[in-house]
Structures are given as structure tokens and as C-alpha cells.
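Biologist: I would like to learn how to read a model like this one, feature by feature. Please give the general idea each time and then the case at hand.

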Amino acid sequence: MAASMVKVAVAGIVGHFRHAVPTVRRLSLSKPLAQVVPVPIWKLGRLNHIAIAVPDLEKAISLYRDVLGARLSDTVPLPEHGVYTVFVELGNTKLELLYPLGEKSPISGFLQKNKAGGMHHICIEVDDIKAAITDLKAKKIRTLSEEPRIGAHGKPVMFLHPKDCDGVLVELEEA
Ligand SMILES: C[C@@H](C(=O)O)C(=O)SCCNC(=O)CCNC(=O)[C@H](O)C(C)(C)COP(=O)(O)OP(=O)(O)OC[C@H]1O[C@@H](n2cnc3c(N)ncnc32)[C@H](O)[C@@H]1OP(=O)(O)O
């Protein structure tokens, strides 16, 4: 009885591999992996910064510099983006404090809705921003300008619509 059960089990296992092995071979011979798996044309890199919109820049500078003891950059006006920026150095990444500059600042509307301030966007590095934009547009992710613009670090950046990124405004920056 026990011997016949073992025979049945072994036959089952052998039967399984008779099917499995040729299936794998057929796949690998008729369609080489390079044809099946799309080759990525661009890659995400490290988190460059998290941006925080603040209603009182001096107070925010004092919080990070004097209370939390961080190293801060100077305040830099970027009129083409409608913001003042201050970078807070954290070692593995940075915070970017954002304060409105000019009448059309994108930060003004955000601060009207979020009076105490709040996280405005995350910035992730990419190795090839043009390839990233072409690929993401094809995947129906909306970009917030037609072409990349020069961001806070003097490098090309592109913002992606928060409604297409789980409610988070995402900035891509070419590393
Ligand atoms: C220097 C540079 C750098 O770091 O290199 C920068 O930082 S420049 C940083 C400033 N520059 C930018 O932000 C450029 C990209 N931003 C934009 O184009 C805009 O701000 C948008 C993100 C499209 C929002 O446009 P606008 O304020 O006119 O529209 P809105 O208030 O009606 O918002 C439309 C919907 O998006 C949501 N929404 C708006 N801003 C958001 C944000 N920061 N994070 C998450 N969701 C956000 C709103 O709640 C709303 O959702 P509901 O419809 O559900 O209510």
C-alpha cells in the first residue's frame, strides 16, 4: 500500500517536471529575455530634497538653525520660480524651505490652503530627464511644463502633477 502511494507521488513529480522543463526552454528559445523585458531608458536616483512651504521664513530658519542645530544655506531668491529658497543640510538629503516671491508664486495658493505651511513637494534625482519626461508622458503622467526648467541647483527639473502621483507633487532633477 505504502509502496504504491510512493510510486504515485514520484510519477506525479516526474510528470510535473516533464511539463515544466520544456515550457521554460520554449520560452527562452523563442523569445530571448531582452525582447520580453523592456530595457529601462532612465533611472530614478536618490532623494534630493523634501520641500516645505513656510508662512514665516525667518521663523522657519530659526527653527532649523537655532532650535534643531542644522546647517543652512543662504536665502536665495528664484524669481523665475516665484520662490525664496533656503536649504537645510541633513547629510543624506536636504530640506528646502520655500517662501512666496512675487504675485504669481505657486506657493501663495498653497499657503492660502495650508495656513501653517506644510510639505510642498519631494525631489528625486534621475539620470536622464528628457528620457524620463518622454517615458512618463507616454504613461499618461502629466508634467507641469512642456520643457524642463533650471531648478534650485542649476540643473534641469520637471514637476509631475500631484493628482498623477498619489497626491504628492513630485519634482525630478537631473543628477
Ligand atoms: C526652485 C524649484 C526647485 O526646487 O528646484 C522649486 O522648488 S519651485 C517650487 C514652486 N514651483 C512649483 O510648485 C511648480 C509646479 N507647481 C504647479 O504647477 C502648481 O502649483 C500645481 C501643483 C499644478 C497646483 O496648481 P494650482 O495651485 O493652480 O492649483 P490648485 O490649488 O487648484 O491645485 C489643484 C489640485 O492639486 C492639489 N495640489 C496643489 N498643490 C499641491 C501640492 N504641492 N502637493 C499636493 N497637492 C497639491 C490641490 O490640493 C488641488 O487638489 P483638489 O482639486 O483635490 O483640491
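Modeller: Start with Lys115, which is found in the loop between α4 and β6. The model is predicted, and what follows should be read as a description of that prediction.

Biologist: Is Lys115 buried or exposed?

Modeller: The general idea is a cut-off on relative accessible area: a residue counts as exposed over 50% and as buried under 20%. Lys115 has a relative accessibility of 65%, so it counts as exposed.

Biologist: What does the side chain of Lys115 lie close to, in terms of polar atoms?

Modeller: For polar contacts, one looks for pairs of N or O atoms within 3.5 Å. Here a polar atom of the Lys115 side chain lies 2.7 Å from the backbone oxygen of Gln112. As for a residue far off in sequence, Ala53 is 62 residues apart from Lys115 along the chain, and their C-alpha atoms are separated by 9.8 Å.

Biologist: How do I read the loop on the other side of α4, and where does Gly102 sit?

Modeller: Gly102 has its place in the loop between β5 and α4. Its relative accessible area is 51%, and because the cut-off for exposed is over 50%, Gly102 is exposed. The C-alpha atoms of Gly102 and Leu78 are separated by 9.9 Å, with the two positions 24 residues apart in chain numbering.

Biologist: Now the ligand. How many residues surround it, and which are the closest?

Modeller: The shell is read by distance: a residue belongs to it if one of its heavy atoms lies within 4 Å of the molecule. In this model 19 residues surround the ligand, and the closest are Glu96, His120, Ala152, Lys163 and Glu171.

Biologist: Which polar atoms of the protein lie at short distances from ligand atoms?

Modeller: Take them one at a time, and note whether the protein atom belongs to a side chain or to the backbone. A polar side-chain atom of Glu171 lies 2.7 Å from an oxygen atom of the ligand. For His120 the atom is a backbone N or O, 2.9 Å from a nitrogen atom of the ligand. In the side chain of Lys113, an N or O atom is 3.1 Å from a ligand oxygen.

Biologist: How much of the ligand does the protein cover?

Modeller: Coverage compares the ligand alone with the ligand in place. On its own the ligand has 1,000 Å² of accessible area, and the protein covers 66% of that. The space taken by the ligand is the largest pocket.

Biologist: Which elements give two or more residues to the shell?

Modeller: They are β5 (94-100), α4 (106-113) and β6 (118-126). The largest share comes from α4, with three residues.

Biologist: What is the make-up of the shell by class?

Modeller: Nine residues around the ligand are nonpolar, six are polar and four are charged.

Biologist: Where is His49, and why does it count as buried?

Modeller: His49 is in strand β1, residues 44-53. Its relative accessibility is 1%, and because buried means under 20%, His49 counts as buried. Its side chain makes polar contacts with two other side chains: that of Asn48 at 2.9 Å and that of His121 at 3.3 Å.

Biologist: What about a residue between the two cut-offs, such as Phe159?

Modeller: Phe159 lies in strand β8, residues 156-160. With a relative accessible area of 22%, Phe159 is partly exposed.

Biologist: Which backbone angles deserve a second look?

Modeller: One item to list is a positive phi in a residue other than glycine. Lys140 has a phi near 65°, and Asp166 has one of about 55°. Lys140 lies in the loop between α5 (129-138) and β7 (149-150), and Asp166 in the loop between β8 and β9 (170-174). Both count as exposed, Lys140 at 69% relative accessibility and Asp166 at 78%.

Biologist: How many helices and strands are there, and what is their order?

Modeller: The protein has five helices and nine strands. Along the sequence the pattern is α-α-β-α-β-β-β-β-α-β-α-β-β-β. Of its 175 residues, 32% are buried.

How values were computed. Residues numbered from 1 in each chain as written. Predicted model: local features only at pLDDT ≥ 70, side-chain atom pairs only at ≥ 80, totals over all residues. Heavy atoms only, no water. Polar contact = N/O pair within 3.5 Å; in protein donor to acceptor, adjacent residues only side chain to side chain. Areas by Shrake-Rupley, 256 points an atom, 1.4 Å probe, with all protein chains shown as cover. 1 Å grid on protein atoms, 1.4 Å probe; cavity = no way out; pocket = protein on both sides within 12 Å on 5 of 7 lines; lining within 4 Å. Sits in = over half its atoms within 2 Å of the grid points. Helix = DSSP H or I, 4+ residues; strand = E, 2+ residues; numbered from the N terminus. Nonpolar A, V, L, I, M, F, W, Y, C, P; charged D, E, K, R; others polar. Buried < 20%, exposed > 50% of the residue type's maximum accessible area, 1.4 Å probe, protein only.
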